[in-house]
Amino acid sequence: MENLFDAAESCLSACEIKEKLQLTEQTAQAWRDGLLSLESKSAPKLIVEPGCPEKPILVSAGDVPKRRLGSPEGLAALIHAVTHIEFNAINLAWDAVYRFRDLPQKFYSDWVQIAIEEAYHFQLLRQRLNELNSDYGDLPAHNGLWDMAKRTAFDPLVRMALVPRVLEARGLDVTPGIIERAYDKQVMIEPLPCWKSSYAMKWDMSLSVRIGSSIYVNSVNWIRSNYSGN
């Protein structure tokens with residue numbers, strides 16, 4: 001029987017958008033059908049960069065061009081930015097599945113489901129971009145979420161605390177404002193779901209109990225030392 005970790009690595013490594021989406025759906029279905037085990041003889045590798053298409057060109061966050069929402073270019077830029085977040089989120093979900101071993105089965109089920117949901121959101125947003133005569137990859141984007149994923153690859157507790165619960169959850173703070181601005185311009189954007197942060201909080205708390213107080217304190221100390229909150 002194939003194992004979930006190898007399947008997740010295939011999803012994570014796929015570069016072409018169509019292939020990544022297809023593998024995501026196929027892997028999720030195989031997991032739901034009980035065709036993938038949690039047994040693997042190989043340890044997870046550090047994936048420096050996940051599979052991504054040649055475009056968008058990745059730049060530092062400060063170098064991403066800013067455009068006013070009132071222009072057609074600004075509308076496309078806004079949706080492109082959110083679309084890039086969703087594409088990154090597919091990779092982040094599969095990396096959580098692939099990287100962190102010996103956890104409860106429900107952990108993997110939750111993150112497989114998140115991968116499916118992120119793929120769905122990505123496709124909705126890309127469709128809206130196409131309606132604006134644009135496409136994913138037409139504009140540069142930044143890679144801040146994956147940079148933090150690499151830094152937190154050593155500890156699932158730290159990963160849950162910083163990536164879904166902080167960096168991705170920041171989108172929940174700004175989403176109402178984005179929706180209001182976009183609605184004024186007759187742009188339909190589906191609200192980003194808050195359940196992903198809830199899953200991360202659940203597993204953050206569960207792992208804290210599971211690993212013991214001393215390791216938890218070490219994880220918290222790492223966060224305090226390595227993340228400024230900016």
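This section describes the nonpolar core, the aromatic pairs and the surroundings of S40 in a predicted model.

The largest nonpolar core comprises 42 residues, among which W94, V97, Y108 and W111 touch the most other members. At least two residues of this core are supplied by each of helix 1 (4-13), helix 2, helix 3 (72-99), helix 4 (105-131) and helix 5 (144-151).

Six aromatic pairs are present in the structure. One of them joins F107 and Y108, whose ring centres lie 5.3 Å apart with an angle of 85 degrees between the planes, so the arrangement is edge-to-face. F107 has a relative accessible area of 0% and is therefore buried; Y108, with a relative accessible area of 1%, is likewise classed as buried. A further edge-to-face pair is formed by F122 and Y136, with a centre-to-centre distance of 5.4 Å and planes at 85 degrees. Because F122 belongs to helix 4 whereas Y136 is placed in the loop between helix 4 and strand 2 (141-142), this pair ties together parts that are 14 residues apart in sequence. Both F122 and Y136 are buried.

A single aromatic cluster is formed by F5, F107, Y108 and W111. Y108 and W111 of this cluster are also among the core residues that touch the most other members. F5 is in addition approached by a charged group: the charged end of R101 sits over the ring of F5, at 4.1 Å from the ring centre. The charged end of R101 also sits over the ring of Y98, where the distance to the ring centre is 5.1 Å.

R101 and F5 recur in the surroundings of S40. This serine is located in the loop between helix 2 (17-32) and strand 1 (58-59). With a relative accessible area of 29%, S40 falls between the limits of 20% and 50% and is therefore partly exposed. When neighbours within four places in sequence are set aside, the residues in contact with S40 are N3, F5 and R101. S40 is thus described by contacts with F5 and R101, the two residues that are themselves related through the placement of the charged end of R101 over the ring of F5. E2 is separated from S40 by 38 residues in sequence, yet the C-alpha atoms of the two residues are 8.9 Å apart in space. Within the loop, a polar atom of the S40 side chain lies 3.3 Å from the backbone oxygen of S42.

Terms used: Residues are numbered from 1 along each chain as its sequence is written. This is a predicted model: local features need pLDDT of at least 70, side-chain atom pairs count only at pLDDT 80 or more; totals for chains, interfaces and linings use all residues. Side-chain values use heavy atoms; hydrogens and water are left out. Helices (H or I, at least four residues) and strands (E, at least two) are DSSP runs, numbered from the N terminus. Buried means under 20% relative accessible area, exposed over 50%, partly exposed in between (1.4 Å probe, protein chains only). Contact means heavy atoms within 4.5 Å. A polar contact is a pair of N or O atoms within 3.5 Å; within protein, one must be able to donate a hydrogen and the other to accept it, and residues adjacent in sequence count only if both atoms are side-chain atoms. A nonpolar core is a set of buried Ala, Val, Leu, Ile, Met, Phe, Trp, Tyr and Cys residues joined through side-chain atoms within 4.5 Å. Rings of Phe, Tyr and Trp (its six-membered ring) pair if their centres lie within 6.5 Å; planes under 30 degrees apart count as stacked, over 60 as edge-to-face and the rest as tilted. A charge sits over a ring if NZ of Lys or CZ of Arg is within 6 Å of the ring centre and within 35 degrees of the ring normal.
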